[in-house]
Amino acid sequence: RTGENGVLFIREMIGAMLHIAIVDDEQTHRDILMKYIREWKAREGLEAEVETFASGEAFYFAWCGQQNCDVLFLDIMMGATDGISLARRLREQGKKLDIIFTTGIADYMQEGYEVEAMHYLLKPLSKEKVWECLDKCLKRREEDAEWILLPTEEGLVKTDVSKILYGEAVGHYCVLECMGERLQLKLGIKELAKKLEGRGDFLFCHRSYLVNLRRASRVGRQDIVMEGGALVPVSRRMYNEVNDRFIRAFVGPGLAE
């Protein structure tokens with residue numbers, strides 16, 4: 001699975017976890033972008049999830065529930081929520097995602113810089129330009145990934161820390177649930193916690209569960225809802241600390257108090 005030098009396996013793992021969203025109020029433009037992205041996926045040999053939205057409101061509603069978008073193709077001129085306004089709302093919440101504006105009017109360059117847009121594509125869209133943007137996004141994710149080596153029955157596995165959902169203690173060892181894969185680790189849950197210390201918002205929510213709060217969608221009294229819908233139990237004793245850390249991770253300490 002690792003290919004000749006390991007690079008193929010790493011690109012496959014990243015590609016399988018890539019979430020792309022298209023937000024445009026015109027069906028024709030959504031279809032064109034979807035076609036270009038599918039062709040790019042086939043060219044790269046990658047699996048990536050692609051969703052389309054006919055309005056900024058529809059995307060924002062879905063994003064608030066999952067927050068799992070990596071690349072956003074965003075039309076500027078839309079209805080109630082235009083692309084610039086939506087991008088500002090996303091940036092205000094401190095989320096890292098690559099925003100690529102698509103528009104037929106070349107008058108919004110300055111606003112694009114203000115919200116740290118990765119690129120600005122003019123319609124009609126060029127397949128080559130769309131592919132260039134996707135290549136750049138993929139390269140950036142490969143460079144930004146924080147890898148950790150973890151022991152399994154098959155040997156050491158290189159895993160992107162940011163894609164870990166949670167760890168579950170099973171006997172003397174533990175199972176690691178990640179986006180796109182499940183690993184049977186040859187180490188205990190406390191040993192896993194030590195390896196992940198200082199690498200993100202990992203926290204025990206139950207004596208048998210270590211959760212990555214950056215991949216949590218909602219914290220309830222009994223369960224944490226993770227990206228993708230998995231439920232992780234929360235003990236009554238740990239609920240307040242977990243809920244407080246979750247709020248601080250997403251809105252910051254000033255708003256959480």
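1. In this predicted model, a good place to begin is a single contact: a polar atom of the side chain of D24 lies 2.9 Å from the backbone nitrogen of E26. D24 itself sits in the loop that runs between strand β1 (18-23) and helix α2 (27-44). Is D24 buried or exposed? Its relative accessible area is 1%, and because buried means under 20%, D24 counts as buried.

2. The surroundings of D24 bring in residues from several other places in the sequence. If its neighbours within four places in sequence are set aside, D24 is in contact with H29, R30, F53, A54, D75, M78, T102 and K123. In addition, the C-alpha atoms of D24 and G56 are separated by 7.9 Å, although these two residues are 32 residues apart along the chain.

3. Strand β1, which comes just before that loop, belongs to an open sheet of five strands, whose order is β2-β1-β3-β4-β5 and whose pairing is parallel. Which strands stand at the edges? They are β2 and β5 (119-122), and since each has a single partner strand, one side of each is left without a neighbour in the sheet. From one strand to the next, the twist averages 15 degrees.

4. Within this sheet, the pairing of β1 with β2 can be followed in some detail, for the two strands pair in the parallel sense over six bridges, and the bridge partner of I22 in β2 is T52. Helix α2 packs on the sheet, where it touches β1, β2, β3 and β4 (98-103), and its direction makes about 175 degrees with that of β2.

5. The largest nonpolar core has 23 residues, and the members that touch the most other members are I20, V71, F73, I100, V130 and L134. At least two residues of this core come from each of β1, α2, β2 (48-53), β3 (71-75) and α6 (127-144), and α6 gives the most, with six residues. In soluble globular proteins, nonpolar side chains tend to be buried together.

6. I20 offers a closer view of that core: not counting residues up to four places away in sequence, I20 touches I37, A48, E49, V50, E51, V71, F73 and L134. Another core, of 21 residues, lies apart from the one just described, and its members include A21, Y60, L97 and A117.

7. How many aromatic pairs does a search of the whole structure find? It finds three, and one of them is formed by Y60 and W63, which are stacked, with 6.0 Å centre to centre and 25 degrees between the planes. Because Y60 and W63 are three residues apart in helix α3 (residues 56-66), they are separated by about one helical turn, and both of these residues are buried.

8. A further aromatic pair, formed by Y166 and Y209, is tilted, with 6.1 Å centre to centre and 45 degrees between the planes. This pair links distant parts of the chain, as Y166 is in strand β8 (residues 164-170) and Y209 is in strand β12 (residues 209-212), 43 residues apart. Y166 and Y209 are buried.

9. Strand β6 (residues 147-152) deserves attention for the way its side chains alternate: I148, L150 and T152 point to one face and are buried, whereas W147, L149 and P151 point to the other face and are not buried. In a regular strand the side chains alternate between the two faces of the sheet. Strand β6 runs antiparallel to strand β7 (residues 155-160), to which six bridges join it, and a hairpin of two residues connects β6 with β7. Across this pairing, L150 stands opposite V157 in β7.

10. An open sheet of three strands has antiparallel pairing and the order β13-β14-β15. Its edges are β13 (216-219) and β15 (231-233), and as each has a single partner strand, one side of each is left without a neighbour in the sheet. Neighbouring strands of this sheet are turned by 25 degrees against each other on average, direction ignored. Strand β14 (residues 223-226) and β15 run antiparallel and are joined by three bridges, with D223 standing opposite P233 in β15.

11. For the chain as a whole, the secondary structure comes to nine helices and 15 strands. Of its 257 residues, 48% count as buried. Among contacts between residues at least 6 apart in sequence, 55% join residues at least 24 apart.

Key
Residues numbered from 1 in each chain as written. Predicted model: local features only at pLDDT ≥ 70, side-chain atom pairs only at ≥ 80, totals over all residues. Heavy atoms only, no water. Helix = DSSP H or I, 4+ residues; strand = E, 2+ residues; numbered from the N terminus. Buried < 20%, exposed > 50% of the residue type's maximum accessible area, 1.4 Å probe, protein only. Contact = heavy atoms within 4.5 Å. Polar contact = N/O pair within 3.5 Å; in protein donor to acceptor, adjacent residues only side chain to side chain. Core = buried A, V, L, I, M, F, W, Y, C linked by side-chain atoms within 4.5 Å. Pairing = 2+ DSSP bridges. Axes fitted to C-alpha atoms, helices over the stretch in contact; angles between N-to-C directions. Phe/Tyr/Trp six-rings, centres within 6.5 Å; stacked < 30°, edge-to-face > 60°.
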